[in-house]
Amino acid sequence: MNKDKPNRSRDRELGMHRAISRRDFLNGIAVGAGSILASAWLPSLTLAAETANFAQNAPGYNPAALTGMRGSHPGAFEVAHAMRDGKFWEAAGKPVDTHETYDLIVVGAGMSGLAAAYFYRKQAGPSARILILDNHDDFGGHAKRNEFRPGGRLLLANGGTVAIESPFPYSVEARGLLAELGIDPPALEKKSMDRDVYRGLGSGYFFDKETFGVDRLVPGVPGGSYGSPVAPGRTAWSEFLAKTPLSAEGQRDIARLQEEKVDYMPGVPQAEKKARLARVSYKDFLLNVAKVHPDVIRFYQTRTHGLYGVGIDAVPALDCWAINFPGFQGLNLDRVPSKGLTFTAKGEVTPQERYHFHFPDGNASIARMLVRSLIPGSIPGSTAEDIVTAKVDYARLESSSSPVRMRLSSTAVRVRHVGDEASAKEVEVTYGRESKAYTVRGKGAVLACWNMVIPYLCEELPARQKEALRYGVKVPLVYTVVAVKNWTSFHKLGIRGASCPGMYHSSVNLDQPVNIGDYKCPHSPEESILVRMLRTPCQPGLSAREQQRAGHYELLSTSFETFERNIRDQLGRVLGEGGFDPARDIEAITVNRWPHGYTYEYNPLWDPDWSEGQRPCDIARQRHGRITIANSDAAAAAYTDQAIDQGYRAVQELLSLS
Ligand SMILES: Cc1cc2nc3c(=O)[nH]c(=O)nc-3n(C[C@H](O)[C@H](O)[C@H](O)COP(=O)(O)OP(=O)(O)OC[C@H]3O[C@@H](n4cnc5c(N)ncnc54)[C@H](O)[C@@H]3O)c2cc1C
């Protein structure tokens, strides 16, 4: 079946004709006006635009409440792409000089940029004048918030960053920042994460007819969705597998991988085993070392999607050992950090305090707390509990009375020293906003945007640094959130979620249940709830970097309607036997599209083994005069704490100059 091809009668069944909530207007005001104007940027660069009434200053502006295509939303990327393609300046005309001067200009209002502003103000003092620019219509970078109101009740989801956790313990600075904001993750985890709501519900596997020959949901995956070892008395793998449409050989080999302790590399010393596992993909390990039937690959192919953004063809077997995938039990490998593990996997085998705390809107709550601290009056309240339901007054973000200001829908297009880099006292930043270009000046600039953008922004950087900045290819992925009228279908089927390895989204799950402050998660299956779906547009067969490039293109060229049709089709098929009817039960859809998602992490399958200090990210993040570089790409590690640490370092580099 062609999943993208419209079909009228099927579309009616899926409810494609039903208007679902896609709120582009609130209180009669175009809350996305910035985006709409910005997307008209190229044809209308020379048109005069209103400068005073920017969208973020309009009453009722609340981009988190928008549904439809979010994440990298229309209007967020066109200016940057015009800059990349060398078309920006052709049409831009002369920028308007705002005559504004700041102590610090931060490009990027993600976790790294907000943390940089926070650390700078803490050290330079409360009167430090800081301007933060971001190309999106909301702050937070990947740490974005989605709001839904099915039946008038507020339901929140993370549009990107899920949780406070990290492969490694947070640094003194990152943990200190959380503590100063009032966030104690282990205490909040204990108090707020509700472990009872889905009690009795397990994980399922959905086998689709296009991949497995038949549509069939098989609930009760032994050991949960990751298939970890089965506790005594629980369903055995053979019992579960017998209900699947997999071939007898496939079933036999999956049961062997999951339950037997086989040394597939007998006689090979442990260090050599690890070295070999680091150089083969998990897929190749399964096929060529564990010698499984090819059916096994389809079963596991997407299991790495959530963590790596690619399938098992592109993830080293050694990493899969570290994250407890099956097949390694008999290899007798010591669970200690070893050479050849990626950053993420090394953390998994490093002993440390473990916690996982998820705000209902993910780490958007941290971003909101940072903004509340930086711009007094922008968000009411003072605790990690009250931030969750607090409303942002976006008009306060660039209030002239605040020393810290934030400009949304503002894409930096040029950053350069005023005069010679070695002796300059100022940096000039030009940004495009709502069809015009503007310049501002600062004593220094932190580029807390993505590494790959920086060579276009900052032409004066040395060639070697530009090359290093271009090295990583960010990992594309999509977090889709669907508000549904109830979750009785999940309840009837006995699942809280399902892996769907052959489908458009590779998983479907009920949202994580959290009660915090005034926010209460749904408890009864009759209540509205949010369903989360993951899509990674990868293309097995290509290198990881090529898969990621192809994924960027795919995401930016796929319409919301194509997503919607696939979402309705998938939910109808996975949950249909539980009584789910997409036409009746879907209330709203938000597709959080991240063509430039996770930071590129180095991986022994695809990257050289650089010597200390010579990784591209080490070269890329060098200070250049009064311009320093933050963001998680600067650490080659896709985690919140890494973004904060890089913000801290970039600020220290600047402050050491004055
Ligand atoms: C879907 C997803 C889920 C994740 N889940 C987790 C998790 O559970 N836990 C965890 O620790 N980490 C997680 N991460 C990683 C974590 O979110 C990031 O490492 C971190 O938030 C990155 O922060 P940052 O400020 O470096 O970058 P970003 O958040 O990307 O912020 C950079 C900002 O700069 C903007 N920008 C770029 N160019 C320009 C320009 N020219 N002008 C103006 N602005 C510009 C960008 O658009 C963006 O808004 C996740 C990431 C993604 C994508």
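A polar contact is a pair of N or O atoms within 3.5 Å. One such pair joins the ligand to Asp134: an N or O atom of the Asp134 side chain lies 2.8 Å from a ligand oxygen atom. The protein buries 98% of the 990 Å² that the ligand exposes when taken alone. This is a predicted model. The points below cover the ligand site, then two open sheets and the helices that pack on them.

**Ligand site**

- The shell around the ligand counts 34 residues. Asp134, Asn135, Thr161, Trp450 and Ser632 are the closest.
- The shell's make-up is 16 nonpolar, 16 polar and two charged residues.
- Backbone atoms also take part. A backbone N or O atom of Met111 is 3.1 Å from an oxygen atom of the ligand. For Ser112, a polar backbone atom sits 2.9 Å from a ligand oxygen.
- Several elements each give at least two residues to the shell: helix 5 (111–124), strand 12 (410–417), strand 20 (586–598) and helix 25 (640–655).

**Five-stranded sheet**

- Strands pair through backbone hydrogen bonds, in parallel or antiparallel fashion.
- This open sheet has five strands in the order 11-6-5-15-21, with parallel pairing.
- Strand 11 (404–407) and strand 21 (627–629) are at the edges; each has a single partner strand, so one side of each lacks a neighbour in the sheet.
- From one strand to the next, the twist averages 20°.
- Strand 15 (residues 445–447) and strand 21 run parallel and are joined by three bridges. Val446 stands opposite Thr628 of strand 21.
- Helix 25 packs on this sheet and touches strand 5 (104–107), strand 15 and strand 21. The helix direction makes about 160° with that of strand 21. Helix 25 also supplies at least two residues of the ligand shell.

**Eight-stranded sheet**

- Eight strands make up this open sheet, in the order 3-20-16-19-18-17-9-10. The pairing is mixed.
- Strand 3 (68–71) and strand 10 (216–219) are the edge strands, and each pairs on one side only.
- Neighbouring strands here are turned by 25° against each other on average, direction ignored.
- Strand 9 (residues 202–207) runs parallel to strand 17 (residues 495–499), with four bridges between them. Gly202 stands opposite Ile495 in strand 17.
- Helix 22 (residues 560–575) lies across strands of this sheet, including strand 16 (475–484), strand 18 (507–510) and strand 19 (529–535). Helix 22 runs at about 115° to strand 20.
- Strand 20 links two topics: strand 20 belongs to this sheet and supplies at least two residues of the ligand shell.

Terms used. Residues are numbered from 1 along each chain as its sequence is written. This is a predicted model: local features need pLDDT of at least 70, side-chain atom pairs count only at pLDDT 80 or more; totals for chains, interfaces and linings use all residues. Side-chain values use heavy atoms; hydrogens and water are left out. A residue is near a molecule or strand if one of its heavy atoms lies within 4 Å of it. A polar contact is a pair of N or O atoms within 3.5 Å; within protein, one must be able to donate a hydrogen and the other to accept it, and residues adjacent in sequence count only if both atoms are side-chain atoms. Accessible areas come from the Shrake-Rupley method with a 1.4 Å probe; for residues, only the protein chains shown count as cover. Ala, Val, Leu, Ile, Met, Phe, Trp, Tyr, Cys and Pro count as nonpolar, Asp, Glu, Lys and Arg as charged, and the others, Gly among them, as polar. Two strands pair if DSSP finds at least two bridges between them. Axes are lines fitted to C-alpha atoms, for helices over the stretch in contact, and angles run from 0 to 180 degrees between N-to-C directions. Contact means heavy atoms within 4.5 Å.
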